[in-house]
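Me: I've got a structure open and I'd like to learn how to read it. Can we go through some features together?

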Amino acid sequence: MAVFQADSASDIVERAFAWAEHRQRFKSLEDGSNDARQARIMYDARRRNVLEAIDWYFARHRAVLGAVVVNTPTPPGMPFAFSTPPDCLRVREVLADTTRLTWRREANVYTNSAPTQIAFTRDETNTALFVPSFTLGLEYLLAAQFAMVYARSVNRSNVMLDNYRRAMQEADQAEGAERSNDDAYERSPLDFALSSYNFVLPI
């Protein structure tokens with residue numbers, strides 16, 4: 001029986017280099033080379049971008065919120081303030097038992113009622129948990145940036161951004177199908193995420 005090995009961050013970056021038509025090779029993201037140092041910084045930033053764009057099921061976690069944050073100003077109509085979990089990238093839902101609460105995230109999470117649970121996207125770094133659609137989107141987004149940094153090719157960067165947009169739209173539909181009758185997420189950042197990149201501008 002075949003044994004499949006999970007991608008590493010270095011594997012993802014090396015494929016992104018290939019998409020960007022950058023020939024340089026490195027042993028790992030920690031090998032000390034200039035390519036590895038630059039790629040490590042870009043990889044971490046773009047990984048977070050792709051995680052935040054969609055409510056990925058593999059990165060969706062729930063937590064019971066702790067004590068109310070006291071002695072802090074709150075928005076009108078939202079008197080309850082709570083801290084988010086330390087690995088929270090994006091809040092997706094705040095619940096009181098089975099009721100969805102009105103909420104707003106600023107320095108804390110503010111709600112109109114005492115919540116019991118929060119659903120959030122975790123800052124997931126374990127590549128073994130990444131689904132193929134996530135990995136592909138991350139590769140394309142990295143390649144778009146690499147094409148500008150290394151190949152100096154606006155055209156190649158735009159091609160990779162188009163590929164990224166298509167991959168993310170397909171992933172968004174697939175992730176939504178993993179839920180029941182509700183939306184994949186109520187307030188989608190996906191359209192903004194797909195339209196906000198311009199790697200022609202200085203990074």
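Me: Let's start with Asp7. Does Asp7 count as buried, exposed or partly exposed?
Reply: Keep in mind that this is a predicted model. Asp7 comes out as partly exposed, at 28% relative accessibility; the range for that class runs between the buried limit of 20% and the exposed limit of 50%.

Me: And where is Asp7 along the chain?
Reply: Look at the segment before α1 (9-19); Asp7 is in there.

Me: Which residues is Asp7 in contact with, leaving aside its neighbours within four places in sequence?
Reply: There are Ile12 and Arg15, plus Thr127 and Thr135. With Arg15, the side chain of Asp7 makes a polar contact of 2.9 Å. Thr127 is a nice one for learning to think in space as well as in sequence: 120 residues separate Asp7 and Thr127 along the chain, yet their C-alpha atoms are 6.2 Å apart.

Me: OK, on to sheets. In what order do the strands of the open sheet come?
Reply: The general idea goes like this: backbone hydrogen bonds pair the strands of a sheet, in either a parallel or an antiparallel way. Here, 3 strands make up an open sheet, ordered β2-β6-β5, and the pairing is antiparallel. β2 (80-82) and β5 (103-105) are at the edges with a single partner strand each, so each has one side without a neighbour in the sheet. On average, neighbouring strands in this sheet are turned by 20° against each other, ignoring direction.

Me: How many bridges join β2 and β6?
Reply: 3 bridges, with β2 and β6 (residues 109-111) running in the antiparallel sense. To find one of the partnerships on your screen, pick Ala81: its bridge partner in β6 is Tyr110.

Me: Last topic, backbone angles. What is phi of Asn71 near?
Reply: First the background: phi is negative in most residues other than glycine. Asn71 has a positive phi, near 55°, and is not a glycine. You'll find Asn71 in the loop between β1 (60-63) and β2. Asn71 is also exposed, its relative accessible area being 82%.

Me: Where is Asp97, and what is its phi near?
Reply: Asp97 is in the loop between β3 (88-96) and β4 (99-100). Its phi is near 60°, again a positive value in a residue other than glycine.

Me: Is Asp97 buried or exposed?
Reply: Exposed: Asp97 has a relative accessibility of 64%, and the class begins over 50%.

Conventions. Residues numbered from 1 in each chain as written. Predicted model: local features only at pLDDT ≥ 70, side-chain atom pairs only at ≥ 80, totals over all residues. Heavy atoms only, no water. Pairing = 2+ DSSP bridges. Helix = DSSP H or I, 4+ residues; strand = E, 2+ residues; numbered from the N terminus. Axes fitted to C-alpha atoms, helices over the stretch in contact; angles between N-to-C directions. Buried < 20%, exposed > 50% of the residue type's maximum accessible area, 1.4 Å probe, protein only. Contact = heavy atoms within 4.5 Å. Polar contact = N/O pair within 3.5 Å; in protein donor to acceptor, adjacent residues only side chain to side chain.
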